[in-house]
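Student: I would like to go through this model by question and answer. Please show the sequence and structure to begin.

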Amino acid sequence: MNTYPTYYAKSADETGQQETNQQHLSQVAELARQFGKEIFLPTTAWLCGMFHDFGKYSALFQKVLNGTAGGIDHAICGAVYLYATKAQGREAYRLAATAIAAHHSTLRSYESLLPELSSILKGQGSRICGTGKQAALFGVQEYQEAIEAFCRDFPMFSFRKLEPGEKGTPLESMLRTRMLFSCLVDADYTVSSQKEFRSETPLYAEQLLQTLNTYLNQLRAGSQADRELNRIRDQVFERCGEAGEQKPGIFTLTAPTGVGKTLSLLHFALRHCIANQGLRRIIVVLPFLTLTEQSQREYEKLIPHILTDHSQSKLSEEDRELVARWDAPFIITTSVRFFEGLFSCQPKDCRKLHQIAQSVILFDEAQSLPTDLMTATVQTADALCRDYGCTVVLSTATQPDFSALQGVQCWQPKEILPKGKSYYEALKRVNVVWKLEEPTPLKRIAAEMLRQDNACAIVNLRRHAADLFQELKQHAPAEELFFLTTDLCPAHRSAVISAIKARQKQGLCCRVVATQCIEAGVDLDFHAMYRALAPLEAIIQAAGRCNRNGRAKDGGQLKVFIPEDERRIYPGDSYQKGAEIVKIMWAAGCLDIHDPDVIADYYRRLFHGARDREALTRAIFSEDYEAVRQEYRLIRRQGVQVIVPYDPKLFHQIKLQAQRDGLTPALIKQAAPITVSTYEEASVRKHCEPVLWHRGRQGGKVESDFFLLLAGHEGCYQSDMGLRLDSFNTDGEPFIF
C-alpha cells in the first residue's frame with residue numbers, strides 16, 4: 001500500500017493544528033471566485049486560487065515550514081505549470097499566470113516572465129528566479145511529482161472554460177491584470193489571516209436617502225445665505241437626484257462654487273444606487289487632505305459607517321483591515337490613494353482594487369489632476385465604467401474638456417446640469433479686476449489689505465507668502481493676521497482655519513495670507529481677495545472664497561496681479577503654462593471667469609499638444625508594471641518630512657518612540673498631524689536629527705526622510721508662520737505652545 005506525504009500550506013499554530021495545502025487552495029479559490037464575480041472574471045479568479053500555491057507541493061517548501069530551509073519562491077511555480085499546460089496562445093491563462101507569479105512579490109508582464117518560466121520548467125540554468133529566491137519546483141520531474149500530488153488532493157479537478165481574455169490596449173490589459181491580481185491577493189491574505197471573512201455591510205441607499213432629505217430640510221430652515229443662492233442650491237440638489245435615475249456611465253457635474261455640490265453629489269449617488277441595483281458602494285475621491293477632512297465631517301452627519309483612507313487616517317486594528325480591503329459601503333479617499341493604487345504593481349496596494357468594480361465614484365475638484373498624467377487617468381476612468389460596471393462623476397466649477405487630449409477624443413460624458421451656464425450668471429458674486437499690465441510689489445498688496453477688514457491674499461510661493469505676511473505684521477495687530485501655508489503642520493492649519501471662521505462669524509477684522517492650500521475645501525468667505533496670477537482653475541477657486549454666501553450688496557472684489565520678483569514666480573512649468581494662457585486670454589479680451597464656455601476654451605488651449613510623461617507612456621506600451629508604478633506619481637517631489645512640536649505632548653511621545661523603535665508605519669501615521677514637508681534639506685540637517693529605520697536585529701539602522709527638531713531648536717517652529725528654518729536664532733528662547 002502506497003503512502004503519500006501530506007503537503008501543508010502553513011506552519012503549525014500554537015495548538016498544533018496545521019492547514020494542508022488542499023484546504024488552503026480550496027478556500028482561496030472559492031473566495032477568489034466570489035471576488036472575481038465583481039470584475040466579471042469568476043472562473044479565472046477561481047483558477048488563480050487553485051494554482052497560486054502550487055509550489056507548496058514540493059519537499060523544498062515543506063522544509064521552509066519546519067524551519068530547515070528559507071528563501072524559497074513558491075509563487076512562480078503555479079505560473080510555470082499554467083505556462084506548460086494551458087497558456088500558449090490563450091490570453092486568459094496568461095493573465096492568470098501573471099497574477100499567480102506576483103502574489104507575494106510584484107507584477108511583471110507575461111512576456112518578461114517567459115524566459116524564466118521556460119528555464120524553471122526545463123530545469124536549465126540557475127534555480128534562482130526573478131525574486132532572488134530559489135524556485136520551489138525546478139525541472140520536469142519535480143513538476144510531474146507536484147501535479148500528481150495536486151491530483152491526489154483534487155481528484156475531481158478539471159479545467160473550466162475561462163471568461164474571454166481579450167487583451168485590449170496595453171493600459172486596459174494592465175488594469176485587467178491588476179483587477180484579477182487583486183482578487184487573488186485579497187482572497188489569499190484574507191484566508192491566511194485566519195479571521196472570519198465577512199462581506200461588506202450593505203449600503204442601505206433608501207434609508208440614507210431619507211436621512212439626507214431630512215438633514216437638508218434642517219439646513220434650509222437654519223440657512224442665513226442669500227435667498228437666491230438657496231434657491232439655486234435646491235435646484236442643483238434636485239437635478240442631481242433626477243440625473244441619478246439614469247443608467248451607469250461617465251457623468252460631469254459642472255457648477256459654480258458654493259452651490260452645495262457635496263450634498264448634491266450624494267443625492268445623485270444614492271438615487272443612482274437605488275435605480276441600478278448592481279452598484280455596491282460609493283467612493284468619494286478628493287484631491288486634498290483638507291477636503292477629505294471637511295467632507296468626512298459633512299458626511300458623518302448622515303452616514304453611520306464611513307471608511308476613510310488617506311495618509312492621516314487614525315484607524316483601529318479592525319479598520320486597518322477594512323482599509324487594506326476597502327470593505328465598506330461608503331469610502332472617502334484621496335486622489336493619490338485611488339489612482340496610484342490603480343497604477344501600482346504591489347500586492348498591498350492592489351489588494352483593494354476589485355472592490356472598486358460596480359461602484360459610484362465621485363471625483364470632486366476633477367481639474368486638480370496633473371496634466372502630464374491626464375490621458376492615462378481619463379482612459380482608466382473610462383475603462384472602469386466600460387469594463388467594471390462603475391459610474392464616474394467628475395465634479396468641479398472648472399470642468400476640463402478632456403476630449404482635447406490626445407487619445408481621449410471619444411470622451412462623451414453626460415452632463416448632470418446641461419443648462420448650468422445660467423447658474424454661473426445668476427451667482428456672479430465677484431467683480432474681477434485684472435492688474436496684469438506690470439508686476440505689483442507685495443508692499444502695495446499689503447497696503448491695500450490694511451484698508452480692508454476682511455481680506456485674503458493667495459500667492460503661488462511660500463516665500464511670497466512669508467514676505468507679504470511680514471509686511472503686514474509691521475502695521476497690524478497680531479490677532480487680525482493669519483498665515484496659512486504648508487509651512488504649518490496639518491493640525492496647525494486646522495486650528496488657524498477655525499480661528500479665521502470664528503472671527504468672520506463675529507464680524508471682526510481678519511486678514512489672511514495663504515498659498516494654494518486654501519483654495520479647495522476651505523469654506524471661508526472674504527469681502528476682498530487678492531490672487532497672484534495662476535492657472536484659471538486656481539483663480540476661480542480663489543473667487544469661490546470671495547463673497548461666498550452672497551451677502552455683499554455690490555459683490556466681492558477679486559484682484560489678480562503679477563508679483564514683482566526677479567526670481568521665478570511659479571512653482572512649476574505646468575503651473576506657469578496655465579498662468580501664461582490666462583494672461584494671453586486676458587490680453588485678447590476673452591477672459592470671463594463666470595462663463596463656462598471661456599473655461600472650456602482655456603482647457604482646450606491648455607491641453608493642446610499636451611502629452612503624458614514620456615517615460616509613463618513608454619512603460620505602459622511595454623507593459624512594464626514597475627516602471628508604471630514609479631512614473632505614475634501625482635506628487636513627484638515629496639521633500640523631507642519634519643516632525644514639529646506644535647503639540648508638545650505628542651511631539652515628546654513620538655520622539656521617545658522614534659529613539660526606541662525607529663521609524664515605523666504606525667509612527668508616521670501618528671506623527672502626520674504635526675509633520676511639515678519641506679525641500680530645504682540643507683537647513684533641515686542644521687536644526688533637526690534624522691529618524692532612522694531599524695532593519696531588524698542584523699539589518700542595522702538606515703536614515704529615512706523624516707526628521708525631528710533638535711532640543712533647543714524648537715523655535716524653528718513659530719506660532720504664526722510655522723516652520724521657519726532660515727530665520728531661526730539659536731540664541732533665542734525655544735517656542736512654547
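What follows is a set of questions on the sheet, helices, cores and salt bridges.

Tutor: This is a predicted model, in which local features need pLDDT of at least 70 and side-chain atom pairs count only at pLDDT 80 or more, while totals for chains, interfaces and linings use all residues. Residues are numbered from 1 along each chain as its sequence is written, and side-chain values use heavy atoms, with hydrogens and water left out.

Student: In what order do the strands of the open sheet of six strands run?

Tutor: Helices (H or I, at least four residues) and strands (E, at least two) are DSSP runs numbered from the N terminus, and two strands pair if DSSP finds at least two bridges between them. The pairing in this sheet is parallel. β10 (430-440) and β12 are the edge strands, each pairing on one side only. The order is β10-β15-β14-β11-β13-β12.

Student: Which residue of β13 stands opposite L484?

Tutor: β12 and β13 pair in the parallel sense, with four bridges between them. Opposite L484 in β13 stands A514.

Student: At about what angle to β12 does helix α20 run?

Tutor: Axes are lines fitted to C-alpha atoms, for helices over the stretch in contact, and angles run from 0 to 180 degrees between N-to-C directions. Contact means heavy atoms within 4.5 Å. Helix α20 (residues 490-506) lies across β11, β12 and β13. Its direction relative to β12 is about 145 degrees.

Student: Against which elements do the buried residues of α19 pack?

Tutor: Buried means under 20% relative accessible area, exposed over 50%, and partly exposed in between (1.4 Å probe, protein chains only). Helix α19 (residues 462-473) has buried residues including H464, L468, F469 and L472. They pack against α18 (442-450), β11 (454-458), β12 (481-484), β13 (510-514) and β15 (556-563).

Student: How far apart are the end C-alpha atoms of helix α10?

Tutor: The expected span of a helix is 1.5 Å times one less than its number of residues. For the 17 residues of α10 (residues 227-243) that gives 24 Å, and the model agrees. The end C-alpha atoms of α10 are apart by 25 Å.

Student: What covers the buried residues of α10?

Tutor: In α10 the buried residues include L229, I232, V236 and F237. Their cover includes α9 (205-222), β3 (250-254), α11 and α17 (421-426).

Student: Which helix gives the largest share of the largest nonpolar core?

Tutor: A nonpolar core is a set of buried Ala, Val, Leu, Ile, Met, Phe, Trp, Tyr and Cys residues joined through side-chain atoms within 4.5 Å. The largest one has 202 residues, and F54, I76, F338, I356, L384, V512 and I518 have the most contacts inside it. The largest share of this core is eleven residues, from helix α8 (residues 170-192).

Student: How many residues does the other core, with L212 and F237, have?

Tutor: This core lies apart from the largest one. V360 and L362 are also among its residues. The number of residues in this other core is 41.

Student: How many residues apart in sequence are D186 and R325?

Tutor: A salt bridge is a side-chain nitrogen of Lys or Arg within 4 Å of a carboxyl oxygen of Asp or Glu. D186 and R325 form one at 2.7 Å, N to O, and both residues are buried. D186 lies in helix α8 and R325 in helix α13 (residues 317-325), so the bridge ties together parts whose separation in sequence is 139 residues.

Student: Is R280, which forms a salt bridge with E38, buried or exposed?

Tutor: The closest N and O atoms of R280 and E38 are 3.2 Å apart. R280 is in the loop between α11 (261-275) and β4 (281-286), and E38 is in helix α1 (residues 21-38). E38 has a relative accessible area of 12% and is buried. R280 has a relative accessibility of 15%, so it counts as buried.

Student: Which residue of β19 is the bridge partner of W693?

Tutor: Strand β18 (residues 688-694) and β19 pair in the antiparallel sense over six bridges. β19 (residues 701-709) is also joined to β16 (residues 640-643) by three bridges, and those two strands run parallel. The partner of W693 in β19 is V702.
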